[in-house]
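Biologist: Could you walk me through this structure? I would like to learn how to read the features around a ligand.

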Amino acid sequence: MRALAGEPVWPPPLWVMRQAGRYLPEYRALRAEVPDLLTLFTTPDLATEITLQPIRRFGFDAAILFSDILILPWALGHPLRFAEGPVLPKLSDPASLATLDLNRMRERVEPVIETVRRVRARLDAKTALIGFAGAPFTVACYMVEGGGSADFASARLMAHAKPALFSKLVSLLTQATIAFLTQQLEAGADAVMLFDSWAGVLPPSLFGAHVIESSRRITESLKARFPHARVIGFPRLAGLMFPAYAAKTSVDAAGMDTSVDPAVARRLVPEGVALQGNLDPQALVAGGMALESETRAILTAMRGHPFVFNLGHGIVPHTPVDHVCALVQMVRNA
Ligand code: 1CP
């Protein structure tokens with residue numbers, strides 16, 4: 001929390017994106033008993049246990065709520081199931097947009113909010129709890145596409161060909177995200193993160209409206225209500241738009257994806273904006289010298305700047321648990 005508030009805490013605090021997940025044997029064991037992901041996300045007992053698993057094992061400085069970015073459209077009434085990845089009906093017209101219902105969202109997310117309460121009650125005071133949501137643009141991508149995609153071509157096509165419809169969707173998701181994150185902060189989350197995993201597929205002409213403006217609205221509205229809450233934004237693959245994102249969204253910290261040079265980012269973000277990231281998840285799989293030199297390079301580049309050590313994207317399932325232990329040791333000894 002001090003690093004997010006702009007203090008260059010050293011050694012830097014550390015957590016790992018997707019830290020609760022398939023690389024952990026205890027997660028795989030639970031998952032084998034309850035194979036339906038949506039059940040895992042919406043059963044407070046199970047979601048609480050999974051959120052705490054990586055904290056027990058590694059002592060990370062933050063826990064992140066075990067949920068998914070697609071819980072929000074699900075709570076708005078958009079059907080969702082998980083196969084290899086998420087599967088949703090494709091949203092393509094005003095009629096399907098009209099079925100999304102903000103009023104029923106509050107009740108449908110209640111099990112997730114209960115998880116926030118239980119996790120906060122079980123964490124010690126030194127461990128922060130990070131709530132999260134997908135950023136409106138990224139969630140819109142999955143809703144228009146009906147699932148994952150390499151380039152989210154149909155979502156981008158809609159943004160160009162039906163700009164009013166796409167803007168309406170992003171705007172509705174912005175409102176819903178404010179409500180959802182407000183509930184998480186009320187329930188005890190210390191910080192919230194906005195995952196804009198697909199921000200980088202947009203041309204700069206649309207990045208301002210769909211990524212920066214929607215994130216700014218969310219951040220400012222949360223901060224007006226919760227002055228001590230911190231917001232982390234993750235505009236993945238934003239490239240040259242990264243500094244504008246850090247400057248204009250009012251986020252407390254900007255998450256660097258693997259492609260960002262931390263030494264360059266540090267010079268380009270406004271004073272006081274913390275940075276988070278950005279070890280290549282594959283360096284963590286590799287371990288040994290590769291892990292050591294990549295980790296050292298990031299630590300050297302970030303020393304003296306408010307910083308939270310993390311990966312540049314989610315940890316991958318075949319990551320050896322020993323390598324995560326080695327990473328924790330290296331960062332703690334920085
Ligand atoms: O056991 C499994 O197979 C589950 C895989 C899984 C997990 C662990 C999914 C399906 N979601 C989650 C949890 C999750 N998702 C968390 C939990 C907290 C944590 O430990 O970090 C978070 C923060 C997310 C966020 C999320 N879901 C993002 C944003 C971050 C990112 O990775 O870019 C995205 C894009 C999703 C969608 C999603 N959910 C699941 C999958 C496999 C995907 C990717 C789909 C695709 O694009 O192909």
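Modeller: We will go from the overall fold to the ligand site. This is a predicted model, where local features need pLDDT of at least 70, side-chain atom pairs count only at pLDDT 80 or more, and totals for chains, interfaces and linings use all residues. Residues are numbered from 1 along each chain as its sequence is written, and side-chain values use heavy atoms, with hydrogens and water left out.

Biologist: What does the radius of gyration say about the protein?

Modeller: The radius is taken over C-alpha atoms, and the globule rule is 2.2 Å times the number of residues to the power 0.38. For 334 residues, a compact globule would have a value near 20 Å, and the protein's 19 Å agrees.

Biologist: Which residues come nearest to the ligand?

Modeller: A residue counts as near if one of its heavy atoms lies within 4 Å. Of the 24 residues around the ligand, Arg31, Asp68, Tyr142, Ser197 and His313 come nearest.

Biologist: Where are polar contacts to the ligand's oxygen atoms?

Modeller: A polar contact is a pair of N or O atoms within 3.5 Å; within protein, one must be able to donate a hydrogen and the other to accept it, and residues adjacent in sequence count only if both atoms are side-chain atoms. Here, a backbone N or O atom of Arg18 lies 2.7 Å from a ligand oxygen. The side chain of Arg22 has an N or O atom 3.3 Å from a ligand oxygen, and for a polar side-chain atom of His313 the distance to a ligand oxygen is 2.7 Å.

Biologist: How much of the ligand's accessible area does the protein cover?

Modeller: Such areas come from the Shrake-Rupley method with a 1.4 Å probe; for residues, only the protein chains shown count as cover. On its own the ligand has 890 Å², and the protein covers 87% of that.
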